[in-house]
Amino acid sequence: MYYTKHITITNTDETSVFTIPNGYVVYINYIYVANHGGSTNNVDLWWETGGVDQMYFFDGTSIGGGNKEILGGQSEAPIFVLHNGDTVKAQASSSGNIEIAFTFKLVEQAPAFVNFNGS
């Protein structure tokens, strides 16, 4: 089933967008970030595993007032796959009105071998 998680951030605090529940994976299909403020704002959007930054979707990306940035959405194929316990986080460089939306498919995690990589 597809879901969309939407938040608006108005300050410079690090904000958790969502955490993947135990026993599930998330196939992210679409990421939307809009700056509804009047001036340019820099946006960080990333995911963490066990409190360690893994990868940035947006890394200090400059978004002008009234503009937006989009990743994905061209097909149903996922652009990122996140696993149980991963947390998606966001932060803006200045106070404003930043809207963020993720569209994703939440699916049960398939069983896997513990030693799949041969170790």
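User: Two strands pair if DSSP finds at least two bridges between them. This is a predicted model, in which local features need pLDDT of at least 70 and side-chain atom pairs count only at pLDDT 80 or more, while totals for chains, interfaces and linings use all residues. Residues are numbered from 1 along each chain as its sequence is written, and side-chain values use heavy atoms, with hydrogens and water left out. Which residue stands opposite Val-81 in E7?

Analyst: Strands (E, at least two residues) and helices (H or I, at least four) are DSSP runs, numbered from the N terminus. E7 covers residues 80–83. Strand E3 (residues 24–35) runs antiparallel to E7, and 4 bridges join them. Opposite Val-81 stands Tyr-27.

User: Which side chains of E7 are buried?

Analyst: Buried means under 20% relative accessible area, exposed over 50% and partly exposed in between, with a 1.4 Å probe and protein chains only. The side chains of E7 alternate, and Val-81 and His-83 point to the face that is not buried. On the other face, the buried side chains are Phe-80 and Leu-82.

User: How are the rings of Phe-57 and Phe-18 paired, and with which partners?

Analyst: Rings of Phe, Tyr and Trp (its six-membered ring) pair if their centres lie within 6.5 Å; planes under 30 degrees apart are stacked, over 60 edge-to-face and the rest tilted. The whole structure holds 8 aromatic pairs. Phe-18 and Phe-102 have ring centres 5.4 Å apart and planes at 80°, so this pair is edge-to-face. The centres of Phe-57 and Phe-80 are 4.8 Å apart and their planes are at 75°, so that pair is also edge-to-face.

User: How many residues apart are Phe-18 and Phe-102?

Analyst: Both Phe-18 and Phe-102 are buried. Phe-18 lies in strand E2 (residues 15–19) and Phe-102 in strand E9 (residues 98–108). The pair links distant parts of the chain, the separation being 84 residues.

User: What is the relative accessibility of Phe-57?

Analyst: Phe-57 belongs to strand E5 (residues 52–63), 23 residues from Phe-80. Both are in one aromatic cluster with Tyr-3, Phe-18, Trp-47, Phe-102 and Phe-104. Phe-80 counts as buried because its relative accessibility is 17%. Phe-57 counts as buried because its value is 9%.

User: What separates the C-alpha atoms of Gln-109 and Val-25?

Analyst: Gln-109 is in the segment after E9, and counts as partly exposed because its relative accessibility is 35%. Leaving out residues up to four places away in sequence, Gln-109 touches (heavy atoms within 4.5 Å) Gly-23, Tyr-24, Val-25 and Asn-84. Gln-109 and Val-25 are 84 residues apart along the chain, and their C-alpha atoms are separated by 5.5 Å.
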